[in-house]
Amino acid sequence: MLCVLSLLTACSAPSDGPAGVLRWGGDAEGGAPFVEADPSNPALVRGFDVEIATMMAEGMGRRPQFVQVSWASIEQSVARGDFDVGMSGLEDRAELRERLAVSLPYFEFREVLAVRPADTTRFRTLADLARRRVATLGSTQAYALLLDAQRAHGVIPVSYDDDVHPYEDLVAGRVDAVLLDHVIAERALRRTAGFVVLATPITTGHYVAVFAPQRRALRDSADAVLRARIIDGSLEAVFRRWGVWDEAQARYQQRLIAQFRAMGGDGTTAVLPDMASPTVTSPTAASPRVNTPGAYLPALLRAAVITLGISVAAMMLAMSLGAFIAAGRVYGGPLARAALTVYVEVVRGTPVLLQLFVLYYGLSSVVRLPALFAAILGLGLNYAAYESEIYRAALQAIPRAQLEAARTLGLTEWQILRLVRGPQAVRLALAPMTNDFVALLKDSSLVSVITVVELTKQTAIYATNVGSWVIPGLLCGVIYLLMSLPLSHLARRLESRWSV
């Protein structure tokens, strides 16, 4: 118990990470030009957010360190303290400023409509799309605009989790328009033909970096670096390298510079260790693009090891806890049986994804579990409920006559469990246990929402790089099969050996 308390205390202690390091979180699945795995070396990331994070770190005299996190979880993870700053095309929103410390807006984007070529004269505004299906990403400024348009004009918002399928569905005729940032729309246009991006924007927005609310001093240092890099033209050079610099962006930066100078001096009021021109070491957009499977295979295999490790550890926890729960429900008193039944029903009745969120983010004010530990604990606690039902059913399947005969021979209940009931129950439970492990192996892909980069997440990053799921999906499927088939073969051999 003391060990557990010590572990929880250590996990709940706030951490600023390694000295001299600026940890920044982003999602490489989002892809270029924001953040993507470098095609020439998938172990690295590149993109304009990567270069801006590098500028911030060097301006503060630190070394940048990238932390992969699902885009939808960046805001929660930075508030939790998983890293110092979150980036990756995050949009400046009022509710974001209420919850987090937000940097100065370093990029102005335009919310633009994409429509099929035949509709360019019909659909120019949101009002033109009354009772039409308009796609966008959830939790974005565009989605908020569509909700307003739904109330005002009867537009039907359709929310997606990625920025690939909205445009594919537009071309296929499943939606009538797509509303997203012009950076995303232009990237999609290079990948998918068959639609047009309208030139007149619906509105504008800004990309920002976010910090935990108590880290405003760090945010101020980052703002000072950004101001300096805007004034000396370094940020413009970054945006030019990534093909997102245009006249509108130039006008926006001129407005920013005028505001900085109106603040006094050159606007770089913070004292920085080194305000010389930054050394951006990240690969640029001109890096050779290598899309052969061999380039990505090492990263996929490393992710497969993580998947297997999480699955094995979680299954061991599930089996141990499941056996305890099953024994309690078979041999325990009424109160113990009732409590354990409630646990099983609650866990089985709620999604494992929700349980991971609650465990990792919901309890972070009480105990800050490391991501890998939270992943194993979450999956283990969830599957323990299912395992316990398998073990309970197996124990109760042993004929009562055998138990009575054992008691007549003078065996204690523990001896009956160990010598008569338990061995037969294990044989009965073996097949469903194997099925559960294979299911857990696949469910482990859910832990990417709490910053763990496992096989499916690494495959998604790979697919974003190459713009297709065919080869990455096939490779991922083969690796999953290579991990699950030996286990199924072993289980069949054990079942055959133990069969009566």
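Two strands pair if DSSP finds at least two bridges between them, and strands themselves are DSSP runs of E with at least two residues, just as helices are runs of H or I with at least four, all numbered from the N terminus. With that in hand, let's walk through the model.

Before you select anything: this is a predicted model, in which local features need pLDDT of at least 70 and side-chain atom pairs count only at pLDDT 80 or more, while totals for chains, interfaces and linings use all residues. Residues are numbered from 1 along each chain as its sequence is written, and side-chain values use heavy atoms, with hydrogens and water left out.

**Stop 1: strand β1**

Select residues 21-26. Strand β1 pairs with strand β5 (residues 85-91) in the parallel sense, over two bridges; look for G25, which stands opposite G86 of β5. Now add residues 63-68, strand β4: six bridges join β4 to β1, and these two strands also run parallel. G26 has Q68 as its bridge partner in β4.

Is β1 enclosed or open? Six of its six residues are buried, so the strand is largely enclosed by the rest of the structure (buried means under 20% relative accessible area, exposed over 50%, and partly exposed in between, with a 1.4 Å probe and protein chains only). In a regular strand, side chains alternate between the two faces of the sheet. Colour V21, R23 and G25 for one side of β1 and L22, W24 and G26 for the other: both faces are covered.

**Stop 2: salt bridges**

A salt bridge here is a side-chain nitrogen of Lys or Arg within 4 Å of a carboxyl oxygen of Asp or Glu. How many does a search of the whole structure find? The total is 29.

Start with D163 and R187, whose closest N and O atoms are 2.1 Å apart. This pair links distant parts of the chain: D163 sits in the loop between β9 (156-160) and α6 (165-172), and R187 belongs to helix α7 (residues 182-191), 24 residues apart. Both D163 and R187 are buried.

Next, select R219 and D220, a salt bridge with 2.9 Å between the closest N and O atoms. R219 is buried at a relative accessible area of 14%, whereas D220, at 38%, counts as partly exposed.

Then go to R407 and E413, where the closest N and O atoms are 2.5 Å apart. R407 is partly exposed at 33%, and E413 is partly exposed at 34%.

Finally, show R116, D119, R122, R132 and D176 together: salt bridges link them in a network.

**Stop 3: helices α14 and α16**

Select residues 371-396 (α14) and 413-443 (α16). These helices pack at an angle of about 145 degrees, with their axes 8 Å apart; axes are lines fitted to C-alpha atoms, for helices over the stretch in contact, and angles run from 0 to 180 degrees between N-to-C directions. Which residues make the contact (heavy atoms within 4.5 Å)? Among them are L379, Y383 and I390 of α14, and L417, A425 and L428 of α16.

**Stop 4: M316**

Keep Y383 in view and add M316, which lies in helix α11 (residues 293-331). The C-alpha atoms of M316 and Y383 are separated by 10.0 Å, with their positions 67 residues apart along the chain. Is M316 buried or exposed? At 53% relative accessibility, M316 counts as exposed.

Key:
Contact = heavy atoms within 4.5 Å.
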